[in-house]
Amino acid sequence: MTKVKSSIGSEFYTQKIVADPKTPGVAKESRENMHDTSKAGSIDDIDAHYKQYRRCVDAFEEIISENTEPYDVLGVKRLTGADIHKAFVEAAKSQQSWHHAELSVLDQLLTLSIGNREVNIG
């Protein structure tokens with residue numbers, strides 16, 4: 001990348017030149033130097049993430065649709081938005097509890113594996 005020093009007052013400032021139009025073939029290289037792309041994901045990774053996201057959206061749409069339809073004919077009332085939200089929070093908390101229990105088992109296993117046993121002073 002070319003740097004040009006310009007004088008403003010008594011200080012010199014460095015200004016980045018993105019591409020010199022007089023030098024052919026540097027435009028692509030200069031565009032690549034504009035930002036760090038080292039952490040960019042591959043197209044396959046992005047597609048897989050998007051597909052997973054779409055499956056999640058579709059599942060939520062199905063749940064919402066299934067539970068907001070009026071079943072007054074059968075004597076069953078539809079769920080409200082508050083009911084659906086409460087069910088979502090309950091499901092998330094249930095998953096959280098399950099994962100905490102799994103993590104506890106793994107913590108115990110690793111503690112025993114390195115030879116440090118838990119001492120129950122009770």
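1. Let me start with Phe-88, which is partly exposed in this predicted model. Its relative accessible area is 46%. Because the buried class ends at 20% and the exposed class begins over 50%, Phe-88 falls in the class between them.

2. Phe-88 has an aromatic partner, and the count for the structure is one aromatic pair. The ring centres of Phe-60 and Phe-88 are 5.9 Å apart and the planes stand at 70 degrees, so the pair is edge-to-face. Phe-60 belongs to helix 2 and Phe-88 to helix 3 (residues 81–113), so the pair ties together parts that are 28 residues apart in sequence. Like its partner, Phe-60 is partly exposed: its relative accessible area is 39%, and the value for Phe-88 is 46%.

3. Which residues form the nonpolar patch on the surface? They are Phe-60, Ile-63, Ile-64, Phe-88 and Val-89, with about 420 Å² of accessible area together. Helix 2 and helix 3 are the elements that give two or more residues to the patch. Helix 2 gives the most, with three residues. So the two rings of the aromatic pair, Phe-60 and Phe-88, are also members of this patch.

4. Ile-64 deserves a line of its own. This patch member is found in helix 2, and its relative accessible area of 41% makes it partly exposed.

5. Helix 2 also carries the salt bridge, and the structure holds one. The side chains of Asp-58 and Arg-54 meet in it at 3.8 Å, N to O. Why do these two residues sit about one helical turn apart? Asp-58 and Arg-54 are four residues apart in helix 2 (residues 43–68), which gives a separation of about one helical turn. Both ends of the bridge are partly exposed: Asp-58 has a relative accessible area of 40%, and Arg-54 has 29%.

6. Helix 3 is worth checking for its length. With 33 residues at 1.5 Å a residue, helix 3 should span 48 Å, and its end C-alpha atoms are 48 Å apart, which agrees. The expected span is 48 Å because 1.5 Å is multiplied by one less than the number of residues. Just after helix 3, Gly-115 takes a positive phi of about 90 degrees.

7. Now the chain as a whole. What is the order of its elements from the N terminus on? The run is β-β-α-α-α, and the secondary structure comes to three helices and two strands.

8. You may like to set the local points beside the totals for burial and contacts. Of the 122 residues of the chain, 2% count as buried. Among contacts between residues at least 6 apart in sequence, 6% join residues at least 24 apart. The aromatic pair of Phe-60 and Phe-88 ties together parts 28 residues apart in sequence.

9. Last comes the surface. The chain exposes about 11500 Å², and carbon and sulfur atoms supply 57% of that area. The nonpolar patch, which includes Ile-63 and Val-89, has about 420 Å² of accessible area.

Notes: Residues are numbered from 1 along each chain as its sequence is written. This is a predicted model: local features need pLDDT of at least 70, side-chain atom pairs count only at pLDDT 80 or more; totals for chains, interfaces and linings use all residues. Side-chain values use heavy atoms; hydrogens and water are left out. A salt bridge is a side-chain nitrogen of Lys or Arg within 4 Å of a carboxyl oxygen of Asp or Glu. Buried means under 20% relative accessible area, exposed over 50%, partly exposed in between (1.4 Å probe, protein chains only). Rings of Phe, Tyr and Trp (its six-membered ring) pair if their centres lie within 6.5 Å; planes under 30 degrees apart count as stacked, over 60 as edge-to-face and the rest as tilted. Patches are made of residues with over 30% relative accessible area and no salt bridge: like charges are joined within 9 Å, nonpolar side chains (Val, Leu, Ile, Met, Phe, Trp, Tyr) within 5 Å. Accessible areas come from the Shrake-Rupley method with a 1.4 Å probe; for residues, only the protein chains shown count as cover. Contact means heavy atoms within 4.5 Å.
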